Amino acid sequence: GRGALASTVAHDAHELVVVGVDERDMATAASHVSRLGGGLAAVAGGRVLADLPLPVAGLMSSDPAEVVAERSRRLEEAARELGTSLPRPFSTLSFLCLSVIPELRITVKGLVDVGAFRLVPLAV
(Lines give C-alpha, C1' and ligand atoms only; values in the text may rest on other atoms or scores of the structure.)
Protein backbone atom coordinates (compact mmCIF):
# COMPACT_ATOMS: atom_id res chain seq x y z
CA GLY A 1 0.00 0.00 0.00
CA ARG A 2 0.86 3.65 -0.32
CA GLY A 3 -0.53 7.07 0.48
CA ALA A 4 -3.02 8.19 3.12
CA LEU A 5 -6.72 8.64 3.86
CA ALA A 6 -8.19 11.38 6.06
CA SER A 7 -11.70 11.95 7.36
CA THR A 8 -13.67 14.12 9.77
CA VAL A 9 -16.45 11.51 9.83
CA ALA A 10 -15.19 9.59 12.85
CA HIS A 11 -17.85 8.37 15.29
CA ASP A 12 -18.48 9.56 18.07
CA ALA A 13 -16.18 12.53 18.58
CA HIS A 14 -15.87 13.40 14.85
CA GLU A 15 -12.27 14.48 15.22
CA LEU A 16 -9.91 14.31 12.26
CA VAL A 17 -8.62 10.78 11.71
CA VAL A 18 -5.80 9.93 9.32
CA VAL A 19 -4.33 6.57 8.31
CA GLY A 20 -1.51 5.92 5.91
CA VAL A 21 1.87 4.49 5.12
CA ASP A 22 3.66 7.75 4.33
CA GLU A 23 3.95 10.50 6.94
CA ARG A 24 4.12 13.28 4.34
CA ASP A 25 1.00 11.99 2.61
CA MET A 26 -0.71 11.75 6.00
CA ALA A 27 0.19 15.39 6.73
CA THR A 28 -1.00 16.44 3.26
CA ALA A 29 -4.31 14.60 3.72
CA ALA A 30 -4.86 16.15 7.16
CA SER A 31 -4.03 19.65 5.91
CA HIS A 32 -6.26 19.28 2.87
CA VAL A 33 -9.27 18.11 4.88
CA SER A 34 -8.68 20.98 7.29
CA ARG A 35 -8.66 23.48 4.41
CA LEU A 36 -11.94 21.97 3.17
CA GLY A 37 -13.52 22.76 6.53
CA GLY A 38 -14.07 19.02 7.03
CA GLY A 39 -14.47 16.08 4.72
CA LEU A 40 -12.64 13.12 3.23
CA ALA A 41 -9.47 12.85 1.16
CA ALA A 42 -7.19 10.29 -0.47
CA VAL A 43 -3.56 11.35 -1.04
CA ALA A 44 -0.50 9.76 -2.66
CA GLY A 45 2.86 11.21 -3.59
CA GLY A 46 1.94 14.52 -1.98
CA ARG A 47 -1.04 14.89 -4.33
CA VAL A 48 -4.76 14.79 -3.52
CA LEU A 49 -6.25 12.00 -5.65
CA ALA A 50 -9.85 12.56 -4.58
CA ASP A 51 -11.80 14.45 -1.95
CA LEU A 52 -15.26 15.19 -0.65
CA PRO A 53 -15.75 18.52 1.14
CA LEU A 54 -18.10 18.22 4.14
CA PRO A 55 -18.24 21.80 5.41
CA VAL A 56 -21.41 21.36 7.49
CA ALA A 57 -19.91 20.30 10.85
CA GLY A 58 -17.37 18.16 8.98
CA LEU A 59 -20.17 15.64 8.39
CA MET A 60 -22.43 16.92 5.64
CA SER A 61 -22.33 18.54 2.24
CA SER A 62 -24.64 21.13 0.74
CA ASP A 63 -23.86 19.86 -2.76
CA PRO A 64 -26.47 17.96 -4.81
CA ALA A 65 -26.70 14.23 -4.06
CA GLU A 66 -25.33 13.36 -7.51
CA VAL A 67 -22.17 15.37 -6.86
CA VAL A 68 -21.66 13.78 -3.43
CA ALA A 69 -22.26 10.29 -4.85
CA GLU A 70 -19.72 10.80 -7.65
CA ARG A 71 -17.08 12.21 -5.29
CA SER A 72 -17.70 9.31 -2.88
CA ARG A 73 -17.30 6.81 -5.72
CA ARG A 74 -14.04 8.46 -6.77
CA LEU A 75 -12.74 8.42 -3.17
CA GLU A 76 -13.34 4.68 -2.85
CA GLU A 77 -11.67 4.12 -6.23
CA ALA A 78 -8.66 6.18 -5.11
CA ALA A 79 -8.46 4.20 -1.84
CA ARG A 80 -8.40 0.95 -3.84
CA GLU A 81 -5.61 2.41 -6.01
CA LEU A 82 -3.65 3.01 -2.80
CA GLY A 83 -3.92 -0.69 -1.93
CA THR A 84 -6.90 -1.19 0.36
CA SER A 85 -9.09 -4.23 -0.14
CA LEU A 86 -11.84 -2.91 2.15
CA PRO A 87 -15.16 -2.53 0.30
CA ARG A 88 -15.98 0.77 2.09
CA PRO A 89 -12.69 2.11 3.48
CA PHE A 90 -14.03 5.46 4.69
CA SER A 91 -16.91 3.77 6.51
CA THR A 92 -14.43 1.41 8.18
CA LEU A 93 -12.25 4.39 9.09
CA SER A 94 -15.21 6.17 10.70
CA PHE A 95 -15.97 3.22 12.98
CA LEU A 96 -12.33 2.73 13.95
CA CYS A 97 -12.88 5.68 16.30
CA LEU A 98 -16.18 4.52 17.83
CA SER A 99 -14.85 3.82 21.30
CA VAL A 100 -17.95 2.06 22.64
CA ILE A 101 -17.56 -1.06 20.48
CA PRO A 102 -15.10 -3.77 21.52
CA GLU A 103 -11.49 -4.37 20.68
CA LEU A 104 -9.02 -1.67 19.72
CA ARG A 105 -10.23 1.86 18.93
CA ILE A 106 -8.49 5.15 18.22
CA THR A 107 -9.50 8.07 20.45
CA VAL A 108 -8.16 11.53 21.24
CA LYS A 109 -6.56 9.92 24.32
CA GLY A 110 -4.73 7.32 22.19
CA LEU A 111 -5.25 3.67 21.27
CA VAL A 112 -7.79 2.08 23.63
CA ASP A 113 -8.47 -1.56 24.42
CA VAL A 114 -12.21 -1.15 24.98
CA GLY A 115 -12.71 -4.56 26.60
CA ALA A 116 -9.93 -4.00 29.13
CA PHE A 117 -10.74 -0.28 29.62
CA ARG A 118 -7.10 0.74 29.19
CA LEU A 119 -4.83 2.70 26.88
CA VAL A 120 -2.52 0.60 24.74
CA PRO A 121 1.08 1.75 24.12
CA LEU A 122 1.81 2.54 20.47
CA ALA A 123 5.45 1.40 20.71
CA VAL A 124 6.49 -2.07 21.74
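Let me start with one residue, Met60, which counts as partly exposed because its relative accessibility is 47%, where buried means under 20% relative accessible area, exposed means over 50%, and partly exposed is what lies in between, taken with a 1.4 Å probe and protein chains only. Before going on, I should say that this is a predicted model, in which local features need pLDDT of at least 70 and side-chain atom pairs count only at pLDDT 80 or more, while totals for chains, interfaces and linings use all residues. Residues are numbered from 1 along each chain as its sequence is written, and side-chain values use heavy atoms, with hydrogens and water left out.

Met60 is found in the loop between strand S4 (47-53) and helix H2 (65-82), and these labels are DSSP runs numbered from the N terminus, helices being H or I with at least four residues and strands being E with at least two. Together with Val56 and Leu59, Met60 makes a nonpolar surface patch of about 240 Å². For a patch, residues need over 30% relative accessible area and no salt bridge, with like charges joined within 9 Å and nonpolar side chains (Val, Leu, Ile, Met, Phe, Trp, Tyr) joined within 5 Å; the accessible areas come from the Shrake-Rupley method with a 1.4 Å probe, and for residues only the protein chains shown count as cover.

From that loop we can step back to the sheet that contains S4. Four strands form an open sheet in the order S2-S1-S3-S4, with antiparallel pairing, where two strands pair if DSSP finds at least two bridges between them. At the edges are strand S2 (17-20) and S4, each of which pairs on one side only, and the twist from one strand to the next averages 10 degrees. As a general reminder, strands of a sheet pair through backbone hydrogen bonds, either parallel or antiparallel.

Strand S3 (residues 39-44) and S4 run antiparallel and are joined by six bridges, and one of the partnerships places Val43 opposite Val48 in S4. Helix H1 (residues 23-36) packs on this sheet, touching strand S1 (4-7), S2, S3 and S4, and its direction makes about 150 degrees with that of S3. Contact here means heavy atoms within 4.5 Å, and axes are lines fitted to C-alpha atoms, for helices over the stretch in contact, with angles running from 0 to 180 degrees between N-to-C directions. Helix H2 lies across S1, S3 and S4, running at about 145 degrees to S4.

How many of the seven residues of S4 are buried? Five of them are, so to speak of S4 as mostly covered is fair. S3 and S4 form a hairpin with two residues between them, and Gly45 in the turn has a positive phi of about 60 degrees.

Helix H2 also brings us to the charged side chains. Side chains of opposite charge can pair when their charged atoms come close; a salt bridge is here a side-chain nitrogen of Lys or Arg within 4 Å of a carboxyl oxygen of Asp or Glu, and by this rule the count comes to six. Arg73 and Glu77 meet in a salt bridge at 2.7 Å, N to O, and because they are four residues apart in helix H2, about one helical turn separates them. Arg73 is partly exposed at a relative accessible area of 40%, and Glu77 is partly exposed at 28%.

Arg74 also forms a salt bridge with Glu77, with the closest N and O atoms 2.9 Å apart, and Arg74 is partly exposed at 24%. Glu70, Arg73, Arg74, Glu77 and Glu81 are linked in a network of salt bridges.

Glu76 forms a salt bridge with Arg88, the closest N and O atoms being 2.8 Å apart. Glu76 lies in helix H2 and Arg88 in the loop between H2 and helix H3 (89-95), so this pair ties together parts that are 12 residues apart in sequence. Is Glu76 buried or exposed? At 16% relative accessibility, Glu76 counts as buried.

Finally, there is a sheet of three strands, open and antiparallel, in the order S5-S6-S7, and its edge strands are strand S5 (104-107) and S7, each pairing on one side only. S5 and S6 run antiparallel and are joined by four bridges, with Val112 in S6 as the bridge partner of Arg105.
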